[in-house]
Amino acid sequence: MTIAIKKNPAGQKILLFALKMLVAVLVLLVLVKRIQIEQLTKALADADVRLIITACALLGPNVYFQFLKWKLIIHRENSKIGNKSILYSLLIGMALGLATPGRVGDFGRTLFVKNADWARLLGLLMIDKLITLTVLYFVGIIGLSHFISMNMHPYVWLPIFIMAMLLVSAVMLLLLRPMLLRSLAARYHRVSRKLHVIEKLVSGIELATPQLTLKLFLLNVLLTLTYCTQFVLLIFSFYRIAIVQAYFSVFAVMFTKSLLPISLGDLGIRESASVYFFGQAGVPEAAAFNASLILFIINILAPSLVGLGLFLLKRQNKKKTYGKPVVS
């Protein structure tokens, strides 16, 4: 059986998917057992529904900022592509991202944009993802610094802090010195000039002008503040703490889960980090767990299901179209 899986790429993907799903389920089960289902249901019953609805409403700006980023990237490759195609590919990417740790599958959205070179789009999207990580790690350092001041053990924060500082410094250098990015891309281009796809990917990276990176940076800041505010509102719906403390905790949670992309949609990892960091701020475990899980449902599960539905609907419509007899 093992040999068959090794020789079968599809079998490897299914096995990997199953392992990641298993990680998410096991972590969630451990958390639920530790917190107890009675406490979780009681916290849900006592929640402030108005704040949960407000957090849900912020999904609109959340998706809109993602749409604007993706539109900037696509129009850098082909300015004639319409909003409908842009939104469709974005939602498909969300669906693909749900099935992968760290939402790596989101890169697959480049394959669903007609009249654009997917490899060049991939190069541009890599720049955007790099900027996203920079913004996330920057606010993460702020949040983590707060917990360092609360005497967190150095073995917990020091490796994370060093890794984040190195990454943020490297990316900021590339963004401030775009010519350095181009020279690195050109060097890799020479090494891999025989590979057509790599050539296209490198040419996509080279399309990232300073103006484009600045716009993507600003949109990523707005997007990060939006989903962090959603998280804070959800926490407040279950338990009130100081707003500054809440944002510090959210920053630390989002930063930590990005370093451990080992489950589908970061499910379970985000909830564990939420229970830990908000617990340091005095938030009950049930409140932290529920808020994190609801955030997953709002921001990841719901848009992903919409994207999957659109994909299946479009595929079904194509089958019906191709299945009709030709009328002469």
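1. F65 lies in helix 5, which spans residues 59-77, in what is a predicted model. With a relative accessible area of 15%, F65 counts as buried, because the cut-off for that class is under 20%. Leaving aside residues up to four places away in sequence, F65 touches L219, L222, L223 and T226. A further relation worth noting is that between F65 and L216, whose C-alpha atoms are 9.7 Å apart in space although 151 residues separate the two in sequence.

2. The ring of F65 also takes part in an aromatic pair with Y64, and here the centres are 6.3 Å apart while the planes meet at 45°, so the arrangement is classed as tilted. The two partners can be set side by side: Y64 is partly exposed, at 47% relative accessible area, whereas F65 is buried, at 15%. In the whole structure, a search finds six aromatic pairs.

3. Another aromatic pair is formed by F112 and F311, for which the centre-to-centre distance is 5.9 Å and the angle between the planes is 90°, an edge-to-face geometry. F112 belongs to the loop between helix 6 (83-98) and helix 7 (118-148), and F311 to helix 14 (residues 285-323), so this pair ties together parts that lie 199 residues apart in sequence. As for accessibility, F112 is partly exposed, with a relative accessible area of 25%, and F311 is also partly exposed, with a value of 26%.

4. Two lysines deserve mention for their placement over aromatic rings. The charged end of K129 sits over the ring of F107, at a distance of 5.9 Å from the ring centre. K314, for its part, lies over the face of Y88, and the corresponding distance to the ring centre is 4.3 Å.

5. S292 lies in helix 14, the helix (residues 285-323) that also contains F311. The relative accessible area of S292 is 0%, and the residue is therefore classed as buried. When residues up to four places away in sequence are not counted, S292 touches F231, R270, E271 and S274. Of these, R270 and S274 appear again in the next point, on the helix 13 side of a contact with helix 12.

6. Helix 12 (residues 243-259) and helix 13 (residues 269-280) approach one another so that their axes come within 9 Å and cross at roughly 145°, and the crossing is right-handed. On the side of helix 12 the contact is made by A246, S249, V250, A252, V253, T256 and K257, and on the side of helix 13 by I269, R270, A273, S274, F277 and F278. Sorted by class, the residues of this contact are eight nonpolar, three polar and two charged.

7. Which kinds of element, helices or strands, does the protein contain? There are 14 helices and zero strands, and the order from the N terminus on is accordingly an unbroken run of α elements. Of the 328 residues in the protein, 45% are buried, F65 and S292 among them. Considering contacts between residues at least 6 apart in sequence, 73% join residues that are at least 24 apart. The pair of F112 and F311, with its parts 199 residues apart, and the relation of F65 to L216, 151 residues apart, give individual examples of residues that are distant in sequence and have been placed in space above.

Key:
Residues numbered from 1 in each chain as written. Predicted model: local features only at pLDDT ≥ 70, side-chain atom pairs only at ≥ 80, totals over all residues. Heavy atoms only, no water. Axes fitted to C-alpha atoms, helices over the stretch in contact; angles between N-to-C directions. Helix = DSSP H or I, 4+ residues; strand = E, 2+ residues; numbered from the N terminus. Left-handed = near helix turned anticlockwise from the far one by under 90°. Contact = heavy atoms within 4.5 Å. Nonpolar A, V, L, I, M, F, W, Y, C, P; charged D, E, K, R; others polar. Phe/Tyr/Trp six-rings, centres within 6.5 Å; stacked < 30°, edge-to-face > 60°. Buried < 20%, exposed > 50% of the residue type's maximum accessible area, 1.4 Å probe, protein only. Lys NZ or Arg CZ within 6 Å of the ring centre and 35° of its normal.
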